[in-house]
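I opened the notebook with a short list of places to look up, and I write down below what I found at each of them.

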Amino acid sequence: MRHNRMTVADLRAAKGKRVLTMLYVETLEEAAAASAAGVDVLSIIAPVWTPAMREAAGDCFVQVGLLYGELATEEDYLRAAFAARKVGGDAYYCAAQVPTVARLAAEGLPVVGHVGLIPSKTTWTGGFRAVGKDVESAVRVWEDMVALERAGAFAVELEVVPARLGAELSRRSGLLTFGMGAGAGTDAQYLFAEDVLGCTRGHKPRHAKTYRNFAAEYERLQQERIAAFREFVADVKAGDYPAPQHEVPMDE
């Protein structure tokens, strides 16, 4: 099927020339809005990656998230990646070990790794906190990137590292850096749609920026929903529903 969305080659060609935009989305409405707004890259997890989502995403390049923990073996990841590819995925996020990344890449599947703060592995870095603030940990992030590049990944999510480190890693590495809380020097700026729309519950990350207050709008709609249901209950109790216009007539 022909399309106008970017390819891996296009993304690579943009490195150092312009900063890409990237959003994590979970609904058809978010995907369609991102496409209409001109967002370059979307991240969508495998369980909600469907033909309808592919259509909604329009010309956005889509990285499909392969679920770490639910998938275990290289065979699991291969099957999941090819299933996502069949739906129209453009690349595949993999937080598994380097040999798994290499196995996917060996099949020609574009793989995105993850370095810095990795939510599923935060116990090794002391919880949800910035990574790479000292020389030792910064070097480890670099070494992780080198290993992923050697394995055949074309990009990494670079999450919550100091801005200076994010810029330096992006400059030194051939990998595309999808930066989330990694400063202005990365190859893409990556946010969650729920943060952009003001829907975040609980802790709001330092790097998140809210552009609209959807939470307030959702609360308003919920109160309207409750009010409508109360009116329905009241109508039934008062005998005002159903009215003649809601009933099927019959001949006398």
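**W142 and its helix**

I started at W142, and, leaving aside residues up to four places away in sequence, I found that W142 touches L169, R172 and S173. I keep in mind throughout that this is a predicted model. W142 lies in helix α6, and I noted W142 as partly exposed because its relative accessible area is 29%, a value between the 20% limit for buried and the 50% limit for exposed. I then looked up A91, which is 51 residues from W142 in sequence and 22 Å from W142 in space, taken from C-alpha to C-alpha. Helix α6 itself spans residues 135-151 and lies across β5 (111-116), β6 (155-159) and β7 (176-180), and I recorded that α6 runs at about 170 degrees to β5.

**The barrel**

I next followed the strands, which form a closed barrel of 8 with parallel pairing, in the order β1-β2-β3-β4-β5-β6-β7-β8. From one strand to the next, the twist averages 30 degrees. For one pair I looked further: strand β3 (residues 61-65) and strand β4 (residues 91-93) pair in the parallel sense over 3 bridges, and I found Y93 in β4 as the bridge partner of G65.

**V160**

I stopped at V160, in the loop between β6 and α7 (163-172), to ask what the phi of V160 is. The angle is near 50 degrees, a positive value in a residue other than glycine. I entered V160 as buried, because its relative accessible area is 18% and buried means under 20%.

**T100**

I looked up T100 in helix α5 (residues 98-106) and asked whether T100 counts as buried or exposed. T100 counts as buried, because its relative accessibility is 1%. With residues up to four places away in sequence not counted, I listed E74, Y77 and C94 as the residues that T100 touches.

**The segment after α9**

I ended with Y241, which lies in the segment after α9 (214-238), and with P242, whose place is in the segment after α9 too. The peptide bond from Y241 to P242 is cis, and I noted its omega as near 0 degrees. Y241 is partly exposed, since its relative accessible area is 37%. I also found Y241 in a nonpolar surface patch of about 350 Å², which Y241 makes together with F232, V233 and V236.

Definitions and conventions:
Residues are numbered from 1 along each chain as its sequence is written. This is a predicted model: local features need pLDDT of at least 70, side-chain atom pairs count only at pLDDT 80 or more; totals for chains, interfaces and linings use all residues. Side-chain values use heavy atoms; hydrogens and water are left out. Helices (H or I, at least four residues) and strands (E, at least two) are DSSP runs, numbered from the N terminus. Buried means under 20% relative accessible area, exposed over 50%, partly exposed in between (1.4 Å probe, protein chains only). Contact means heavy atoms within 4.5 Å. Patches are made of residues with over 30% relative accessible area and no salt bridge: like charges are joined within 9 Å, nonpolar side chains (Val, Leu, Ile, Met, Phe, Trp, Tyr) within 5 Å. Accessible areas come from the Shrake-Rupley method with a 1.4 Å probe; for residues, only the protein chains shown count as cover. A salt bridge is a side-chain nitrogen of Lys or Arg within 4 Å of a carboxyl oxygen of Asp or Glu. Two strands pair if DSSP finds at least two bridges between them. Axes are lines fitted to C-alpha atoms, for helices over the stretch in contact, and angles run from 0 to 180 degrees between N-to-C directions.
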